[in-house]
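Biologist: I am new to this structure and would like to go through it slowly, one question at a time. Could you show it to me before we begin?

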Amino acid sequence: MTIKLPELPYAMNALKPYISEKTLSFHYGKHHATYVKNTNDLIAGTPFENKTLNEIILTAASDDIYATLFNNAAQCWNHEFFWNSLTNQAENKIIPEPLAQKLTEDFGSIDAFKAALKKAALARFGSGWAWLILDQDDNRLKIVTTGNADTPLTRQNQKPLLCIDVWEHAYYLDYQNVRGDFLSAVIDNLLNWKFAIDNLHN
Ligand code: MN3
């Protein structure tokens, strides 16, 4: 099947002033769209053609000969997850009580969680992603980072709840090289906790 560029869950200017319309239009309309196009080009006429995006990622992850396909397909998945991790809706920005309680248990406090997320995302050298995941081995919320296109989707025990793109293209137009300012803006103002708790209960 053809992999589709999913619609953004908000308007291109909805995340201002934290993420500008210019950044979103490039990030979604150029970067994300290119990963979708590359994935479709790579699967055309191959046995991958009839697989879902998740199946493509899981299969491609199993062998290095599919590295280019994995990178492009995983970036499709990661970006869709990222757009859904952000919101302009005030009600979605409130951390639901059961999740707030679990964050407090596992990180000490909500502020400690936010600081830990920022610290981990800053420490990811080069390009990659920062994730809030549920570790299904010990049922604890944890922060993990992945490099380049790597994704928790391929790790059986990790259930992703939220992610932040820390590739430079996610913030350079708005914050230049200052990744920390981008992270603070996102963590304090844009995270979609409705999406997070829906993922937790899935
Ligand atoms: Mn990106």
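Biologist: How far is the sulfur of Cys76 from the closest cysteine sulfur?

Modeller: This is a predicted model, and in it the closest cysteine sulfur to that of Cys76 belongs to Cys163. A disulfide needs two cysteine sulfur atoms within 2.5 Å, and the gap between Cys76 and Cys163 is too far for a bond, at 13 Å.

Biologist: How many disulfides does the structure hold?

Modeller: Cys163 is in no disulfide, since the nearest cysteine sulfur, that of Cys76, is 13 Å away. Both residues are buried, Cys76 with a relative accessible area of 2% and Cys163 with one of 1%. The number of disulfides in the structure is 0.

Biologist: Which residue stands opposite Cys163 of strand β3?

Modeller: Strand β3 covers residues 158-165, and strand β1, made of residues 128-135, runs antiparallel to β3 and is joined to it by 7 bridges. Across from Cys163 in this arrangement stands Trp131.

Biologist: How many of the residues of strand β3 are buried?

Modeller: One residue to look at is Gln158, which lies in strand β3 and counts as buried at 16% relative accessibility, because the limit for buried is under 20%. Leaving aside neighbours within four places in sequence, Gln158 is in contact with Ile133, Leu134, Gln136, Val144 and Pro152. The strand as a whole is mostly covered, the buried residues numbering 8 of 8.

Biologist: Which protein residues are the donors of the manganese ion?

Modeller: The donor atoms lie 1.9 to 2.2 Å from the manganese ion, and along the chain the donors follow the spacing H-x51-H-x85-D-x3-H. Three of these letters are H and one is D, and the residues, with their donor atoms, are His27 (NE2), His79 (NE2), Asp165 (OD) and His169 (NE2).

Biologist: How many residues apart in sequence are the parts that His27 and His79 tie together?

Modeller: Both His27 and His79 are buried, and each of them is a donor of the manganese ion. His27 lies in helix α1 (residues 21-43), whereas His79 lies in helix α3 (residues 67-85), so the pair ties together parts whose separation in sequence is 52 residues.

Biologist: Are the planes of Trp77 and Phe81 stacked or edge-to-face?

Modeller: Trp77 and Phe81 are 4 residues apart in helix α3, and they are therefore separated by about one helical turn. Trp77 is buried, with a relative accessible area of 13%, and Phe81 also counts as buried, at 8%. Among the 13 aromatic pairs of the structure, theirs has ring centres 5.1 Å apart and 20° between the planes, and is classed as stacked.

Biologist: Which residues form one aromatic cluster with Trp77 and Phe81?

Modeller: Trp131, the residue opposite Cys163 in β3, is one of the members of this cluster. In full, the residues that join Trp77 and Phe81 are Tyr28, Phe82, Trp83, Trp129, Trp131 and Phe195.

Biologist: Which residues touch the most other members of the largest nonpolar core?

Modeller: The largest nonpolar core has 65 residues, and its largest share, 9 residues, comes from α3. For Trp193, leaving aside neighbours within four places in sequence, the contacts include Ile94, Ile95, Leu99, Leu103, Phe113, Leu132 and Leu162. The residues that touch the most other members of the core are Ile164, Phe182 and Trp193.

Conventions: Residues are numbered from 1 along each chain as its sequence is written. This is a predicted model: local features need pLDDT of at least 70, side-chain atom pairs count only at pLDDT 80 or more; totals for chains, interfaces and linings use all residues. Side-chain values use heavy atoms; hydrogens and water are left out. Donors are N, O and S atoms within 2.8 Å of the metal (3.2 Å for Na, K and Ca); water is not among the atoms, so sites may look incomplete. Helices (H or I, at least four residues) and strands (E, at least two) are DSSP runs, numbered from the N terminus. Buried means under 20% relative accessible area, exposed over 50%, partly exposed in between (1.4 Å probe, protein chains only). Two strands pair if DSSP finds at least two bridges between them. A nonpolar core is a set of buried Ala, Val, Leu, Ile, Met, Phe, Trp, Tyr and Cys residues joined through side-chain atoms within 4.5 Å. Contact means heavy atoms within 4.5 Å. Rings of Phe, Tyr and Trp (its six-membered ring) pair if their centres lie within 6.5 Å; planes under 30 degrees apart count as stacked, over 60 as edge-to-face and the rest as tilted.
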